Amino acid sequence: MAKTLHLLFLFLSLLQRCVFSDQSQGFSLNLVRREITDNDIFPDTIRPRITRSSYLYTIDASIGTPPRKKTFIFDTGSELTWTQCTPCVHCFKQDYPLFDPKSSTSYKRLTSSHTLARFFQRSNNGECVFNMMYMSGQSSSGIASVETFTFPSNKRAAESVKGVAFGCSNNHRGQMTSNTMVTGIMGMNRSPLSLISQMGTKSARRFSYCLPKLSSPVKSTFLRFGKDIKDKGSFQKTNFVSAGNDYSVSLLAISINGRQLSLPREALSKGCVLDVGSGASDIEMGVYKVILSVLREYFDRFNLTRVNDIPSPLGDLCYRVQRAFRSYPSMVLHFQGSNFEIGAANLFRFRDDYFCLGMFGRQGMSMTMLLGAYQQQNVRFVYDVGNRKLLFGNEDCSQDKA
């Protein structure tokens, strides 16, 4: 009898972990670019982000039974999905009512027997709790919970998924964002706690997005899962570094206009992390200084005029626009087995009378480069999480149709 109960518990645990397995058939969600103010700080487990950006990307999902709509920041750099709940000790302002666990018939607190319980802290009374600390100085804490998530699929009836582990936050410290549509974070990194990692089978643990140009009037694209991901057949591929929870790939070299930069191997050894939750790319300061030096030398050959009074959020290297000038350089990140080209439109931020390098240097980074959303425009990315592979290829993302 004990053996039978043990096997039944094991089966139920596996079933709970595979709640998304049927969704390998695929579905798509609206991924919406939303405007924010320049002084917003977006939380991240790696570093403070979007201090130099005026936008973020959000996903709508409903929680509970009956379902209550919430808007999450889509974040490939965070692990746990969480939303603000009642009772709330300290919360940031949001348009939607706080999620009330008592109003949902499917809400449960995550128990110590749950397969993900070991990743949470324990309170004094033995409850599973979470406390997300961000390097921006923010924190969010509350009760580790299990609920039904409903996703508004674009092609068919909404996808309702039972048994999703998430955080019910009742204490948030620090400003979240000026966009009051936001109610929390959708964690999509490779941690066992993330939403994508709870998608069961390997074939289901795949997602894809394609970010339209900021200059495009198209502000909504699609976050695709499973078989809704379009296989172009011409994707470049590289492997995710096996260690860690972020989307890190090996960075072998950096080239500017066909010239490979002279960088010591150890300078590149930390790799490149992809993070759509970060507005612009950050580069380890030593590597960044080499990039600045090469670009200064390049533009000096064309006698372009440096601009030194530009507000720092726009860039550290800026020049006056010369109407006849068309020889803007490009950058190539040489990954293991593939090359990621950053054309001039994604490398520089252009204004009416000047342009600036759209990347920034940062001290003390845990990676050589963090590749942000600005440098990811008009590129289709496929995150094959189950097989630890990244696929990418150029695409007009404004034409991404359901």
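**Pairs, cores and one cysteine**

Modeller: Let's start at a pairing: Phe-335 sits opposite Ser-338 of β22. Bear in mind that this is a predicted model, where local features need pLDDT of at least 70 and side-chain atom pairs pLDDT 80 or more, while totals for chains, interfaces and linings use all residues. Residues count from 1 along each chain as its sequence is written, and side-chain values use heavy atoms, with hydrogens and water left out.

Colleague: What makes β21 and β22 a pair?

Modeller: Strands are DSSP runs of E, at least two residues, numbered from the N terminus (helices: H or I, at least four). Two of them pair if DSSP finds at least two bridges between them. Antiparallel β21 (residues 331-335) and β22 are joined by five bridges, so they pass that test. They make a hairpin with two residues between them, and Gly-337 in the turn has a positive phi of about 85°.

Colleague: Why is Cys-91 called partly exposed?

Modeller: Buried means under 20% relative accessible area and exposed over 50%, with partly exposed in between (1.4 Å probe, protein chains only). Cys-91 comes out at 25%, so it's partly exposed.

Colleague: How do you know that the largest nonpolar core lies between domain 1 and domain 2?

Modeller: Such a core is a set of buried Ala, Val, Leu, Ile, Met, Phe, Trp, Tyr and Cys residues joined through side-chain atoms within 4.5 Å. The largest has 81 residues, and Phe-207 and Tyr-209 are among those with the most contacts inside it. Domain 1 (43-203) and domain 2 (228-399) both supply residues, so this core lies between them. Those bounds come from an automatic or database domain assignment.
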